[in-house]
Amino acid sequence: QVRLLQSGGGLVQAGGSLRLSCAASGITRKINAMGWYRQAPGKQRELVATVTSDGSTNYADSVKGRFTITGDNAKSTVALQMNSLKPEDTAVYYCNAAHTTLQLEYLEVWGQGTLVTVSS
């Protein structure tokens, strides 16, 4: 069973930077992709950025050019560097991992969530 442990986040002024990290643990056949999603108060959870096992990345339009996602296959970790933060980036950020189990099931797991607050 794969588990995700997140770290980072907190309070920052607009224009500042924060870094989120996430580490996967447990036994699985392969982690296919890891990524970050966020959910602001009163809104649905949305994709922020993902990175596949072959290094392909995908970003939400709202964060392109400001956020950078990096993955480390060997360590089963993913990080999100967030620069030029805006108040509208305020949300709970969730780490996500899509993996193939030893039984060849395709599953997704979520981290515990971490609050990012950007003050104006």
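Let's start with Cys22: in this predicted model, its relative accessibility is 2%, and since anything under 20% counts as buried, Cys22 is buried. Now look for Cys95. Its relative accessibility is 0%, so Cys95 counts as buried too.

What do Cys22 and Cys95 form? They make a disulfide, with their two sulfur atoms sitting 2.1 Å apart. A pair of cysteine sulfurs has to lie within 2.5 Å to qualify, and by that rule the count comes to one disulfide. Trace the chain and you'll see that this pair links distant parts of it: Cys22 belongs to strand E3 (residues 18–25), Cys95 belongs to strand E9 (residues 91–100), and the two cysteines are 73 residues apart. The bond has a handedness as well. The torsion about the S-S bond of Cys22 and Cys95 is about -85°, so this disulfide is left-handed.

Next, slide back along the chain to Asp89, in the loop between strand E8 (77–82) and E9. Is Asp89 buried or exposed? With a relative accessible area of just 1%, Asp89 is buried.

So who keeps Asp89 company? Arg38 is one partner: the side chains of Asp89 and Arg38 are joined by a polar contact of 3.0 Å. If you set aside the neighbours within four places in sequence, Asp89 is in contact with Arg38, Arg66, Phe67, Ser84, Val116 and Val118. Try picking out each of those residues around Asp89 in the structure above.

Notes. Residues are numbered from 1 along each chain as its sequence is written. This is a predicted model: local features need pLDDT of at least 70, side-chain atom pairs count only at pLDDT 80 or more; totals for chains, interfaces and linings use all residues. Side-chain values use heavy atoms; hydrogens and water are left out. Helices (H or I, at least four residues) and strands (E, at least two) are DSSP runs, numbered from the N terminus. Buried means under 20% relative accessible area, exposed over 50%, partly exposed in between (1.4 Å probe, protein chains only). A polar contact is a pair of N or O atoms within 3.5 Å; within protein, one must be able to donate a hydrogen and the other to accept it, and residues adjacent in sequence count only if both atoms are side-chain atoms. Contact means heavy atoms within 4.5 Å.
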